[in-house]
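Good morning, and thank you for making time for this item. I should like to take you through one structure, from its overall fold to a few individual residues.

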Amino acid sequence: MAGANRTDEGTQPPEGKHLPTATAERPSTRNGEVPHPVSVVVVTQATHSDIPEICALYKRVWDDYKGKLPEELIKTWEPSTLEFTSWMEGVTYFAARKDKRVVGVVGCSLLQGAVQLVHLAVDPEARRAGIASSLVGACMEWARRAGAASLWVEAQNRFDGAIALFRKLGFTESGTLHKHFLHEDVHLYERVL
Ligand SMILES: CC(C)(COP(=O)(O)OP(=O)(O)OC[C@H]1O[C@@H](n2cnc3c(N)ncnc32)[C@H](O)[C@@H]1OP(=O)(O)O)[C@@H](O)C(=O)NCCC(=O)NCCS
């Protein structure tokens, strides 16, 4: 997998402590040339000030599916800033930034010792660079610190990229909820910590 220059720093444990901020590493110079700074992906817990950027990201991601997915489904996943504010109640969101721009987001919520991942999305222009892996990694770290025993996520078969990602990260399919989400089957993937 690509993404050797990403860092997972800045994730916060449930109690909200700050970890050190990531810094870009510079490659060694040749003939005294000053190299361009390397882009680093930084994952941090999202705050209310990130809401407009996160909503814009969801819009970029799901607008791409217009005509390919039911309109109702797209609407559900493109929250207004007000809707996202209410999503944040009881759910911890992590945002990935590249060059200070939000390029990925995921939510996680702890219920009875298990953490559910929700609303994972990565900017179409920033894919296959390890960003979703870093975000899920942040959730795993958060889950461990919270004392959770497992993580789980719902996915519909049409999201084959997401399913490949979860499998690569050690999730296994553990069941199906029939006609569960807007009348569609949803498959459950879990990873025991
Ligand atoms: C699915 C998604 C989150 C993946 O984000 P990403 O940052 O590109 O994922 P990563 O770079 O961390 O991928 C890690 C690995 O997962 C697998 N993977 C990710 N996307 C894949 C795709 N489209 N097809 C096949 N495998 C894929 C690959 O094994 C990849 O490793 P590789 O690039 O070395 O081959 C992104 O494509 C997305 O936002 N899709 C639309 C929204 C969505 O599907 N959300 C999840 C709903 S359940």
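Let me begin at one particular position, K179, which lies in strand β6. The backbone there deserves a remark: K179 has a positive phi of about 45°, although it is not a glycine. Is K179 buried or exposed? It counts as exposed, because there are 9 C-beta neighbours inside 10 Å, and the limit for that class is 12 or fewer. Please keep in mind throughout that this is a predicted model.

Strand β6 takes us directly to its partner. β6 and β7 form a hairpin with two residues between them, and L182, in that turn, has a positive phi of about 50°. The two strands run antiparallel and are joined by six bridges. As a point of register, E173 stands opposite Y189 in β7.

From the hairpin we may step back to the whole chain. The secondary structure of the protein chain comes to five helices and seven strands. Read from the N terminus, the order of elements is β-α-α-α-β-β-β-α-β-α-β-β. Of the 193 residues in the protein chain, 27% are buried. Among contacts with a separation of 6 or more, 59% are made by residues 24 or more positions apart.

Now to the sheet. In what order do the seven strands of the open sheet stand? The order is β1-β2-β3-β4-β5-β7-β6, and the pairing is mixed. The edges are formed by β1 and β6, residues 172-181, each of which pairs on one side only. On average, neighbouring strands are turned by 25° against each other, direction ignored.

Two of the pairings within the sheet illustrate that mixture. β4 and β5 run parallel and are joined by four bridges; here A114 stands opposite S150 in β5. β5 and β7, the latter covering residues 184-192, pair in the antiparallel sense over six bridges, and in this case E154 stands opposite L188 in β7.

Next, the helices that lie against the sheet. α4 lies across β1, β2, β3, β4 and β5, running at about 30° to β3. α1 also packs on the sheet, where it touches β2, β3 and β4; the direction of α1 makes about 100° with that of β3.

I should like to stay with α1 for a moment. Does the length of α1 fit what its 13 residues should span, and what is the distance between its end C-alpha atoms? At 1.5 Å a residue the expected span is 18 Å, and the end C-alpha atoms are 18 Å apart, so the two agree. The buried residues of α1 are I51, I54, C55, L57 and V61. They cover an arc of only 155° around the axis, and therefore they lie on the same side of α1. These buried residues pack against α3, residues 81-87, as well as β2, β3 and β4. On the face turned away from the buried side, α1 carries the exposed residues P52 and D63.

That brings us to the interior. The largest nonpolar core has 41 residues, and those touching the most other members are F94, V105, V106, L135 and C139. At least two residues of this core come from each of β1, α1, β2, β3, β4, α4, β5 and α5. Which element supplies the largest share of this core? It is α4, with nine residues. To see one member in detail, consider V106: leaving out residues up to four places away in sequence, V106 touches Y93, F94, L117, H119, L120, L135, V136 and C139.

Finally, two residues in loops. E89 lies in the loop between α3 and β2. E89 is exposed, because 7 other C-beta atoms lie within 10 Å. E89 and S109 are 20 residues apart in sequence, and their C-alpha atoms are 9.7 Å apart in space.

The second is R128, which has its place in the loop between β4 and α4. Phi of R128 is near 60°, a positive value in a residue other than glycine. R128 is exposed as well, because 11 other C-beta atoms lie within 10 Å.

To close, I would leave you with the seven-stranded open sheet of mixed pairing, and with α4 as the source of the largest share of the core. Thank you for your attention.

Notes:
Residues are numbered from 1 along each chain as its sequence is written. This is a predicted model: local features need pLDDT of at least 70, side-chain atom pairs count only at pLDDT 80 or more; totals for chains, interfaces and linings use all residues. A nonpolar core is a set of buried Ala, Val, Leu, Ile, Met, Phe, Trp, Tyr and Cys residues joined through C-beta atoms within 7 Å. A residue is buried if 20 or more other C-beta atoms lie within 10 Å of its own, exposed if 12 or fewer, and partly exposed in between; C-beta atoms are placed from the backbone. Two residues are in contact if their C-beta atoms, placed from the backbone, lie within 7 Å. Two strands pair if DSSP finds at least two bridges between them. Axes are lines fitted to C-alpha atoms, for helices over the stretch in contact, and angles run from 0 to 180 degrees between N-to-C directions. The expected span of a helix is 1.5 Å times one less than its number of residues. The arc is that of the directions from the helix axis to the C-beta atoms.
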